[in-house]
Amino acid sequence: MMSAQLQRPSQNGAGLPNSGNSSSGTNIPPGTRPSDLPELPPLINRAGDSKSPFLRAHSDSLVAWQPLDDHAVDRAKRENKLIFVSLGFLASHYCHLTRQESFSNPTVASLLNENFVPILIDREERPDIDSIYMSYNQSLSGSGGWPLNVFLTPELEPVFSGTYWAAPQGDDAEENGDAEKPLDWLVVIKKVLTAWESEEVRVRDEARSMVVELRHISAEGTLNRDEVEELHPPPPSARPVPTHPAVDQLREVYGEVDLDQIETAYQRITTTFDPMYGGFGLREKFLTPAKLSLLLRATQFPRVVRDVIGPNDCSYISEMGLHTLRRIVSGAVHDHIGGGFHRFSVTRDWSLPVFEKMLIDNALLLGLFLDAWLLSGGHTDGEFADVVTELADYMIGGKVLSPQGGFFTSEAADSYNRRGDKDKGNGAYYLWTRKEFDTVVGDEQGSETAAAYWNVREHGNVDSEYDPHDEFLNQNVLHLVKNSARLSKQLGISEGEVKRRIESARAKLRSYRERERVQPEIDTNIVTSYNGMAIAALSRAGLALIHTSRNSTSARGHKCLEAAKNAAQFIKQELWDDKEKVLYRVYSDGRTDTRAFAEDYAFLVEGLIELYQGTADESWLEWADELQALQIKLFYDGPTLTPTTANARCGAFYSTVLGAPYTLLRIKDAMDTSQPSVNAVSVSNLFRLGAILGDEAYTYLAKESVNAFGVEMLEHPNLFPGLLCGVIPWRLGGRHWIAVGENPALMKNFFTTPRASLFTLRYHKPGMPESWLSRRDHRTSKFRTEQGVYTPLASATGTTVDGPEFIVVDPRYVATQL
């Protein structure tokens, strides 16, 4: 779960008005519609006015979609109607299916248009709204997904929600009494409408109670206060102006979370591990990058941490991560023809994916496979090397990389199988019948070998259990079931010949697919946080590839690094207002009005730190420092005179600013899901910037942010893998290197070492006392000026280094000291 605080709306129209009070100032008691108000004209579909590709895809819908704005919310208040909100994203199969099956149904559209105010939200633009109502939906059903459909009071309090509902079964569906039939749209709409019209007072009371309940069940990050004061609502007269929290730099952060929680987390994760197929659980499988990253780090953590866990256990834990990555690579979530990975698998054995391809998944997986490759030795022909290069090529190859330099959000699950088709199919771009497969590959021997390798069967390879509507009948999703060594023995040919046949088949299938099939639609949103992930991953991967021996690999590394720099420059040019000091979240045919959330700052700062460490260009570090200070100012739960329901005074970052538009709760995101949590990434950034810049305030806030979730981490440490990595620098400090002059050996060792605990690289250029970095870091005048690599003697404590307390580091052995 995520933590949240009830938030009193702002008074300037940006937030939600109080119950019964429209943002235009019209005071209308709930349940009434004054007779002197003029009759409002029918709603018209405004989705086409949006820059969002997801909203524009609904521009021809029969539903009169409204964006989330004052006009739509005011209308619901004036007419005393429930609001119907549908949240989704362009790539989603079930969002596409719902648009095709249900929102095109005249009866559904008529009911929604006449009795509700239908609002459509792109979750890529408003993850804050999505998080709040997803928490509500999960409290009802224990599950989530998209589209997320929610009925709200005019004050945006949730009444009922669900994800995918079946297409209408007929007007008499609700009377048929068939409990076996799935819940369909007409049943849902009519039941909700009947409840509102006949029992509005009860519906409103229950909705208000649910908002209070959501606060209690989502209270992480607000429980670990030193004080036991009651939380009061913020003053209604003015919105508090956030400031950089005052930090007593000499004060230490004390808390109960310690290295033991890492051991406990590993024990609990181990109990859910699937030893046969990798991953966690015995049903559908998710990529869980933060959890896998924690597993891979086990053998790389400092010795004291490994002693707590147990050296033998560390090896087993790391192998769990490697085994899972091997299964992911061989499974159907991997696009074996074009590269990249799909969102998750609906089967335990990774054999049937959900076909969306998301930038965030592929960026995070690039970092994971890079660590796995480096853990395995980092040789150019070693295990996982081909996955790293393939993923890098996918990201910079043109499909998800915009001509301007930013990265697009996703590729859709649904597409046309052939040009001229009228209907899109789920996964159509990636599916093959055996006949088509054989025809494209051509020669019989090559086809038989490749079919055995990828499990291509005459009648398809999708189990009927997972295909109740026969949409994958006779279709094959490629996944590896026999490796080249096994096929070599089976076919009586050399392993080299097996690999040659497979690569030949792959090239033919790829050429055919790109030539004959219609590529899935691209969501052209360019999102700041997602681009930050791509910048970080490509910077690390590029630098590791540059510092390997082969010229081709090195050239690919330079391309990755250049793509990372171009993406950062794009964000700075298009989504950063340097004059007003405002970061925006989304570019889609121009900058949208949505300002950045805490996650946008966190992931972009992480990417900029990687760029600085890889290029020695301090302009990236300067911008990272500026953004970090802004993130603290806007989102940090710092000291206030009195703890309130919108500032608990516990430390850590809220996901939204105080008074964010149309938000009922102020959330602290700390549990890692498909992406690392805002606070996990922010803690890492603060520790790294604190070390590189010699800024004790950043280091203090990092520790305080970890401690803010102490109550929850003590009880469920396995749910916080990202924050657990922050416990180590809190308790043990880190390793920090200062490079003076050219140091090729340092570069090679630093950039070919897998991630573990905190370690940083800072460049010092003697003779430049007026540079930004020299002025920003108060320690600069005390640094050594001779060429070499140095580490502060006190770096393990994270404290200020004085005078000559530096020791020389042999750059050949940097990796052994991380």
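Leaving aside its neighbours within four places in sequence, which residues is Asn-455 in contact with? Before we look, a word on what you have in front of you. This is a predicted model, where local features need pLDDT of at least 70 and side-chain atom pairs count only at pLDDT 80 or more, while totals for chains, interfaces and linings use all residues. Residues are numbered from 1 along each chain as its sequence is written, and side-chain values use heavy atoms, with hydrogens and water left out.

Now back to Asn-455. You'll find it in the loop between helix 15 (444-454) and strand 14 (476-477); helices (H or I, at least four residues) and strands (E, at least two) are DSSP runs, numbered from the N terminus. Its partners are Asn-461, Asn-476, His-479 and Val-481, where contact means heavy atoms within 4.5 Å. With a relative accessible area of 12%, Asn-455 is buried (under 20%, against over 50% for exposed and in between for partly exposed, with a 1.4 Å probe and protein chains only).

Next, find the open sheet of 4 strands, with the order 3-2-4-5 and mixed pairing. Strands of a sheet pair through backbone hydrogen bonds, either parallel or antiparallel. Here, two strands count as paired if DSSP finds at least two bridges between them. Strand 2 (residues 82-88) and strand 3 run parallel and are joined by 7 bridges; Val-85, for instance, has Ile-119 in strand 3 as its bridge partner. Strand 3 (116-122) and strand 5 (158-162) stand at the edges, each with a single partner strand, so one side of each has no neighbour in the sheet.

What about empty space? Rolling a probe the size of a water molecule over the atoms shows where it is left. On a 1 Å grid over the protein atoms alone, a cavity is a set of points where a 1.4 Å probe fits but cannot get out, and lining residues have an atom within 4 Å of a point. Grid points are joined across faces, edges and corners, and a volume is the space filled by probe spheres set on the points. The count comes to 7 cavities of 30 Å³ or more, and the largest holds about 870 Å³ of space. Lining that largest cavity are 43 residues, with Arg-297, Glu-606, Ser-684, Arg-688 and Arg-755 nearest its centre. Among the elements that give two or more residues to this lining are helix 9, helix 20 (598-615) and helix 22 (678-693).

Technical notes:
1 Å grid on protein atoms, 1.4 Å probe; cavity = no way out; pocket = protein on both sides within 12 Å on 5 of 7 lines; lining within 4 Å.
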